[in-house]
Amino acid sequence: MTRNKLEKCLGQHVSIIFFDGTQILGILHKTGEEEFKDEPNLFIPQNYYFCTDKNNNLVENCIFKCSHISSLVMR
């Protein structure tokens with residue numbers, strides 16, 4: 001997965017499968033986004049990604065790099 005391709009999906013509903021076979025569904029975000037400034041784990045790290053549900057709750061309590069992704073499908 002390339003960073004350019006992944007970042008074109010920011011803010012979209014996605015299905016992500018990681019190399020270990022884990023799958024998560026949610027809205028794709030990048031760490032450092034202003035709306036998450038009160039959550040240091042989602043704001044301070046650079047070049048990581050995470051997914052939230054429609055209420056902005058973290059899905060699977062997981063942040064990841066683009067290199068961890070095996071496949072991504074926009075929903």
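Which pattern does the protein follow, read along the sequence? I began with this question and read off α-β-β-α-β-β-β. I note at the outset that the model is predicted.

**Entry 1. Overall build**

I counted two helices and five strands in the secondary structure of the protein. I then looked up the radius of gyration, which is 11 Å, close to the 11 Å that the globule rule gives for 75 residues; the protein is therefore as compact as a globular protein of that length. Along the principal axes, the C-alpha atoms fill a box of roughly 30 × 25 × 20 Å. I recorded an accessible surface of about 4800 Å², with 47% of it belonging to carbon and sulfur atoms. Of the 75 residues, 32% count as buried. For contacts between residues at least 6 apart in sequence, I found that 41% join residues at least 24 apart.

**Entry 2. The sheet**

In what order do the five strands lie in the sheet? I traced β4-β3-β2-β1-β5, an open sheet with antiparallel pairing. The edges are held by β4 (58–64) and β5 (69–74); each has a single partner strand, so one side of each is left without a neighbour in the sheet. On average, neighbouring strands of this sheet are turned by 40° against each other, direction ignored. As background, strands of a sheet pair through backbone hydrogen bonds, either parallel or antiparallel.

**Entry 3. Strand pairs, one by one**

I followed the bridges from β1 towards β4. Strand β1 (residues 13–18) pairs with strand β2 (residues 23–30) in the antiparallel sense, over five bridges. Within this pair I located H13, whose bridge partner in β2 is I27. Next, β2 and β3 run antiparallel and are joined by four bridges. Here L28 has C51 as its bridge partner in β3. Three bridges hold the antiparallel pair of β3 and β4, and T52 finds its bridge partner in L58 of β4. I also inspected the hairpin of β3 and β4, which has five residues between the strands, and noted that N56 takes a positive phi near 65° there.

**Entry 4. The faces of β3**

Are the side chains on the two faces of strand β3 buried or exposed? In a regular strand the side chains alternate between the two faces of the sheet. For β3 (residues 49–52), I found Y49 and C51 on one side and F50 and T52 on the other, all buried, and both faces are thus covered. Two of these residues had already appeared in my bridge list: C51 as the partner of L28, and T52 as the partner of L58.

**Entry 5. Salt bridges**

How many salt bridges does the structure hold? I found two. In one of them, K30 is joined to E7, with the closest N and O atoms 2.6 Å apart. K30 lies in strand β2 and E7 in helix α1 (residues 3–7), so the pair ties together parts that are 23 residues apart in sequence. I looked up the accessibility of E7 and obtained 29% relative accessibility, which counts as partly exposed.

The other salt bridge joins E34 to K37, and I read 3.4 Å between the closest N and O atoms. E34 counts as exposed because its relative accessibility of 52% lies over the 50% cut-off. K37, at 47% relative accessibility, counts as partly exposed.

Terms used:
Residues numbered from 1 in each chain as written. Predicted model: local features only at pLDDT ≥ 70, side-chain atom pairs only at ≥ 80, totals over all residues. Heavy atoms only, no water. Pairing = 2+ DSSP bridges. Axes fitted to C-alpha atoms, helices over the stretch in contact; angles between N-to-C directions. Salt bridge = Lys/Arg side-chain N within 4 Å of Asp/Glu carboxyl O. Buried < 20%, exposed > 50% of the residue type's maximum accessible area, 1.4 Å probe, protein only. Rg over C-alpha atoms; globule rule 2.2 N^0.38 Å. Contact = heavy atoms within 4.5 Å. Areas by Shrake-Rupley, 256 points an atom, 1.4 Å probe, with all protein chains shown as cover.
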